[in-house]
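Reader: Hello! I would like a close look at one part of this model, the salt bridges. Could you walk me through them?

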Amino acid sequence: MADTSDTRTPAQIEADIRRRREVLAETLDEIGVRVHPKTIIGDAKAKVASNIDHTLGRAYVEVNRVVSDVKSRFVDEGGTPRLERVVPVALVVVGVVGLLALGTRRRKG
């Protein structure tokens, strides 16, 4: 059989009960705050904002990489344009713009 004798005084038992009630009251208050709708909504908003920040950060890095890659194709290490690459691209752009201008002109007339 288990020994059920308690050597504590009634005052000690009451003090233990009082401490335990205080701990339980704090725990219940914390649970109440955690399950409150405003807290849940705030946590959800914070998580979404964090995910958006993370996604935007990754997108920024990717765009920066692409811009640097394109720039390195058209500019040399000294910062001067590589004409052998710039001129053909410029001619293509002018040609496309010209075709678009002719196409819109024909539709109006």
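In which helix do aspartate 16 and arginine 19 lie, and how many residues apart are they?

Author: Happy to help! This is a predicted model, where local features need pLDDT of at least 70 and side-chain atom pairs count only at pLDDT 80 or more, while totals for chains, interfaces and linings use all residues. Residues are numbered from 1 along each chain as its sequence is written, and side-chain values use heavy atoms, with hydrogens and water left out.

Aspartate 16 and arginine 19 both sit in helix α1 (residues 10–34), three residues apart, about one turn of the helix; helices are DSSP runs (H or I, at least four residues), numbered from the N terminus. Their side chains meet in a salt bridge at 2.2 Å, N to O, the term meaning a side-chain nitrogen of Lys or Arg within 4 Å of a carboxyl oxygen of Asp or Glu. Aspartate 16 is partly exposed at 26% relative accessible area, and arginine 19 is partly exposed at 49% (buried is under 20%, exposed over 50%, partly exposed in between, with a 1.4 Å probe and protein chains only). Arg8 joins Asp16 and Arg19 in a network of salt bridges.

The whole structure holds six salt bridges. One of them pairs arginine 65 with glutamate 62, their closest N and O atoms 2.4 Å apart. These two residues are three apart in helix α2, so about one helical turn separates them. Arginine 65 is partly exposed at 47%, as is glutamate 62 at 38%. Another links arginine 82 and glutamate 77 at 3.9 Å, N to O, and glutamate 77 is exposed, with 77% relative accessible area.
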